[in-house]
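Reader: I'm new to this one. Could you walk me through how to read it, one feature at a time?

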Amino acid sequence: MTMPSYDFVMTGLQLLSTLFVFAVGLGVLAVVVLFIIDSIQTKDAVRKNYPVLGRFRYLFSMLGEFFRQYFFAMDREEMPFNRAEREWVHRAAQDKDNTVAFGSTKNLNSPGTAIFVNCPFPTLDEDAVEMQPMQIGPYCKIPYNAPSFFNISGMSYGALSTPAVRALSKGAHMAGCWMNTGEGGLSPYHLEGGADIVFQIGTAKYGVRDEAGNLSDEKLKEIAAHEQVRMFELKMSQGAKPGKGGILPGIKVTPQIAKIRGIPEGQDSTSPNRHPEINNPGEILDVINHVREVTGKPVGFKTVIGSFGWIEEMCKEIHARGIEAAPDFITIDSGDGGTGAAPMPLMDNVGLVVKESLPLVSDILHKYGLRDRIRLVSSGKLITPSEVAWAIATGADFVTSARGFMFSLGCIQALKCNKNTCPTGITTHNKRLQKGLNPEDKAIKVAAYCKNIVHEVQIISHSCGVTRPRLMGRKHVRIVQDNGKSVPMDELYPRPDIFPEYSRHRGLFGSGSKKPTCRWC
Ligand SMILES: Cc1cc2nc3c(=O)[nH]c(=O)nc-3n(C[C@H](O)[C@H](O)[C@H](O)COP(=O)(O)O)c2cc1C
């Protein structure tokens, strides 16, 4: 090996030092230019008063958004989902050991915390009962026996990328749960994995609209002809944006998405803020019955609850028409539900959270003797076993999740769903960013997450002394109050009596009784 000559080394060093001086000079020049720009501009007070330095404020607050979750936030601190919750889902999705060591990091004294009431004599493993399918739509031509109590909530193809939809569809099939299309119509990717599909009819009726944007019976029949499409869900409202239609930024309206939805390519796609033809509870029933007649499949609706007198009115109307006319299910979404894009005030402050609305709606249906006829689906931050178990004990027949399944796909809560820059490829149509999302690999994770939720909800129910989750009732949960003491949920939300004139429908549709197996619990 020959040593480089002295001249060669010196020339190299000279070049480097020239480059260094040049770079420093450029840096100084940039600072001077920025100083002048900041000093003469009048739009930003911080930059005006602290030229150049003021810019670091914006840089740091942008970087803070990314670094907080790694370095600064405590395990139970972040919103919408804290690290402990996200990590639980990630481990469940990898089918890894999901036990934790040393002790709970959850503050069990904080008001609202649900504490399950363990039985002194928990259910023996050999007495545990496997998850049973539950029938939805007893009066339909083709009712649906839904195998799983935990399912994938609506997220449209458009808000989600192609590989994300493919992974969810395949994963749902592997886990035996349903996948809701969201309001963006049915794509080939929903079908290719073989999952049971719930087709959502949004306010723009994407995928089932005629030229004028009205509901098309012909298109409904085409969609219903797919055996995989098991149910239809009319979207009245969504927790993250009640009273506002879906928003898909133009940058995400690719040629294929435009074709599936029946809209122009590359333009923002904003759905009407409600179904224009539905003005009262009776008209919800009209549309539901029409879709059920055309498709032969169960039909329900999704809503977030604000006022709830209209549900009572709907129950009376159902009895006036006959209980066949009832929706086959109602999905109660939480005011703190997620979305691809929504105005912050709607996201933050409009619509009740499911912790409050689920018991309310369940009780109204119960009073009118419709609790068994209408299946209750519940969604909104129910992504860990204890949340899902809470919903089932409170009155839900099914729980669905959107963001839980996004975490199982690898979501890192970057909060970029509205930007087409999702770093994990889940909510972007940028091919480069999608590369990290392998549908085959992620499908396994989706399925593992679903199965582990079901498994751990079963564990909670056994600890409460019942043989399966749907036997849990409100008395199995206590809610911590402001004074630190817990109160049984059946005291906080006592089951009302059924109006005598409606009691004949009770138990007709096989929800099963919630009789205890242990006389002390
Ligand atoms: C990216 C994204 C897209 C969504 N798209 C829809 C949609 O098309 N229709 C709908 O009814 N809800 C939509 N939602 C709301 C979810 O279905 C769900 O109701 C809500 O996020 C609460 O569940 P979660 O807390 O488990 O996410 C979307 C949510 C997300 C995060």
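Reader: Let's start at the ligand. Which oxygen or polar side-chain atom should I look at, and how far from an oxygen atom of the ligand does the polar side-chain atom of Asp333 lie?

Author: First, keep in mind that this is a predicted model. For a polar contact, look for a pair of N or O atoms within 3.5 Å. Here, a polar side-chain atom of Asp333 sits 2.9 Å from an oxygen atom of the ligand. The backbone joins in too: a polar backbone atom of Gly338 is 2.8 Å from a ligand oxygen, and one of Ala402 is 2.9 Å from a ligand oxygen. On its own the ligand has 600 Å² of accessible area, and the protein covers 98% of that.

Reader: Which residues come nearest to the ligand?

Author: Check the shell around the ligand, which has 22 residues. Ser153, Gly154, Gln200, Lys381 and Arg403 come nearest. Sorted by type, the shell holds 13 polar, 6 charged and 3 nonpolar residues.

Reader: Now the helices. At what angle do α5 and α16 pack?

Author: With a helix pair, read the angle, then the distance between axes, then the handedness. Helix α5 (residues 162–175) packs against helix α16 (residues 439–463) at about 45 degrees, and their axes are 7 Å apart. Angles under 35 degrees would count as roughly parallel and 65 to 115 as roughly perpendicular, so α5 is oblique to α16. Their crossing is right-handed.

Reader: And how far apart are the axes of α9 and α10?

Author: Those axes are 8 Å apart, with helix α9 (residues 281–295) and helix α10 (residues 309–321) packing at about 55 degrees. That angle makes α9 oblique to α10. The crossing of α9 and α10 is right-handed.

Reader: What about the backbone itself? Which two residues does a cis peptide bond join?

Author: For this, read the omega angle. The cis bond joins Met79 and Pro80, with omega at about -5 degrees. You'll find Pro80 in the loop between α3 (53–72) and α4 (83–93).

Reader: Where is Lys205, and what is its phi?

Author: Go to the loop between β6 (196–201) and α7 (217–224) to find Lys205. Its phi is near 55 degrees, a positive value in a residue other than glycine.

Technical notes
Residues numbered from 1 in each chain as written. Predicted model: local features only at pLDDT ≥ 70, side-chain atom pairs only at ≥ 80, totals over all residues. Heavy atoms only, no water. Near = heavy atom within 4 Å. Polar contact = N/O pair within 3.5 Å; in protein donor to acceptor, adjacent residues only side chain to side chain. Areas by Shrake-Rupley, 256 points an atom, 1.4 Å probe, with all protein chains shown as cover. Nonpolar A, V, L, I, M, F, W, Y, C, P; charged D, E, K, R; others polar. Axes fitted to C-alpha atoms, helices over the stretch in contact; angles between N-to-C directions. Helix = DSSP H or I, 4+ residues; strand = E, 2+ residues; numbered from the N terminus. Parallel < 35°, antiparallel > 145°, perpendicular 65-115°, else oblique. Left-handed = near helix turned anticlockwise from the far one by under 90°.
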